[in-house]
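Thanks for making room for me this morning. I would like to walk you through one structure, with the sequence and the coordinates on the screen while I talk.

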Amino acid sequence: MTKVVPPLLTMINELIATPSISSVNPSFDLSNLNVIELLADWLETAGFSVEVLPIPNQKNKANLIATLGSGSGGLVLSGHTDTVPYDEGRWQHDPFKITEDNNKLYGLGSADMKSFIALAIEAARGLTANDLKQPLIILATADEESSMSGARDLVKRKLPKARYAVVGEPTNLKPIHAHKGILMESITITGRSGHSSDPSYGFNAMEAMMDVMQVIKLWRNELQTNYFDDRFLVPVPTLNFGHIHGGDNPNRICGECELQIDIRPLPGMSLTECREELTNRVSKSIDTTNYKIKIKSLIHGTESMLTPIASAIVSASEKLTGNPA
Ligand SMILES: [Zn+2]
């Protein structure tokens with residue numbers, strides 16, 4: 001008997017029933033290889049040529065690239081194979097089984113976003129390489145919810161670029177063609193501690209940080225005046241003061257203070273420029289003979305993205321979903 005690709009709901013159910021939680025917390029983190037294996041099996045059956053690419057230094061994680069047809073360009077349908085962790089006992093349905101309720105399918109990863117990969121396979125059902133002028137590529141990535149190592153490894157491999165990619169994140173079928181970037185930075189100021197009774201003993205890092213914060217606030221105002229894009233719900237770049245810690249005791253001059261901020265740049269603002277500007281302004285705002293400044297990135301960061309509204313992929317997505325981008 002020839003092997004066939006299982007029905008859509010069976011594929012969704014099997015993906016949901018195969019836990020693939022990823023987390024920066026090692027006690028929650030699981031392998032995604034079982035999900036990759038299921039996908040590889042279905043995609044090979046569907047006539048795709050399948051490559052499983054292990055992630056360096058993470059032996060229990062892999063990406064998958066499945067290609068139907070050949071040549072350059074083509075369309076990528078991309079999804080991540082992992083889910084976030086879940087709260088035991090707080091689900092009204094079994095998180096690892098598809099339950100249909102009120103015309104919706106419940107399960108961990110049913111919306112975000114293992115089902116999308118099953119839907120991509122379903123959309124290609126019956127297609128052969130001969131039907132395609134350019135390749136159709138189904139991409140399944142690892143660790144989107146945690147380290148993003150899957151996507152990062154794909155970038156490193158310098159694979160040929162497709163003409164377009166559609167990422168099937170849940171957006172209520174509204175095509176999203178622009179996204180803010182993200183960066184998280186830590187600023188540490190080291191002064192010199194001493195007894196509070198005589199301020200001349202030290203250099204108060206907390207007081208220096210107050211100046212730095214003032215400068216960062218002014219920079220934020222400038223950014224929000226210079227950059228505006230009303231396609232976004234929050235039409236300006238944001239900069240959040242998210243964490244601060246300094247000193248130990250009221251009667252000691254604060255010797256060290258750390259501030260952590262989160263910046264969400266609009267398309268048109270590069271991460272490198274943001275980092276350079278931050279470093280520049282912070283170093284100018286305090287006396288560096290008495291204070292040491294250390295600025296470091298807490299995460300790798302993600303550039304903003306923008307696909308022109310007039311591009312073929314955005315028009316096609318608008319037409320197919322009936323929703324404006
Ligand atoms: Zn997602």
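I will start at the metal, then take the salt bridges, and finish with the strands and one helix.

Please keep in mind throughout that this is a predicted model.

Which residues hold the zinc ion? The protein donors are His80 through NE2, Asp112 through OD, and Glu169, which appears twice because two of its OE atoms are counted, and these donors lie 1.9 to 2.3 Å from the metal. Along the chain the donors follow the spacing H-x31-D-x56-E. His80 sits in strand β3, residues 75-80, whereas Asp112 belongs to the loop between β5 (104-106) and α3 (114-123), so this pair ties together parts that are 32 residues apart in sequence.

For those of you who would set up a metal site, the geometry deserves a moment. As a reference, the ideal angle for four tetrahedral donors is 109.5 degrees. Here the four donor atoms subtend angles of 58 to 135 degrees around the zinc ion, and the arrangement is therefore irregular, given that a tetrahedral assignment would need all angles to lie between 85 and 135 degrees. The surroundings of the donors can be described as well: His80 counts as buried because its relative accessibility is 2%, while Asp112, with a relative accessible area of 28%, is partly exposed.

Let me turn to the charged pairs. Searching the whole structure gives 11 salt bridges, and I will pick out a few. One of them joins the side chains of Lys61 and Asp143, at 2.8 Å from N to O. Lys61 lies in strand β2 (residues 58-68) and Asp143 in the loop between β6 (136-141) and α4 (149-156), so the contact ties together parts that are 82 residues apart in sequence. Both Lys61 and Asp143 are buried, and together with Asp29 they are linked in a network of salt bridges.

A second example is Arg157 with Asp153, where the closest N and O atoms are 2.8 Å apart; in this pair Arg157 is partly exposed at 36%, but Asp153 is buried at 7%. A third is Glu277 with Arg281, with 2.7 Å between the closest N and O atoms. Those two residues are four apart in helix α6 (residues 271-285), and are thus separated by about one helical turn.

Now to the strand that carries Lys61. β2 is mostly covered, with eight of its 11 residues buried. Strand β1 (residues 49-55) runs antiparallel to β2 and is joined to it by seven bridges, with Ile55 standing opposite Gln58. The two strands form a hairpin with two residues between them, and Asn57 in that turn has a positive phi of about 65 degrees. β2 also pairs with β6, again in the antiparallel sense, over five bridges, and here Ile65 stands opposite Leu139.

That brings me to α4. Which of its residues are buried? They are Ser149, Gly150, Asp153 and Leu154. Seen down the helix axis, these buried residues fall within an arc of 140 degrees, so they line one face of α4. What covers them includes β1, β2 and β6, the strands I have just described. On the other side of α4, Val155 and Lys156 are exposed, and just after the helix Lys158 takes a positive phi of about 50 degrees.

That is where I will stop, and I am happy to take questions.

How values were computed:
Residues numbered from 1 in each chain as written. Predicted model: local features only at pLDDT ≥ 70, side-chain atom pairs only at ≥ 80, totals over all residues. Heavy atoms only, no water. Donors = N, O, S within 2.8 Å, 3.2 Å for Na, K, Ca; no water. Tetrahedral: all angles 85-135°; square planar, octahedral: opposite > 155°, others 65-115°. Buried < 20%, exposed > 50% of the residue type's maximum accessible area, 1.4 Å probe, protein only. Salt bridge = Lys/Arg side-chain N within 4 Å of Asp/Glu carboxyl O. Pairing = 2+ DSSP bridges. Arc of directions from axis to C-beta. Contact = heavy atoms within 4.5 Å.
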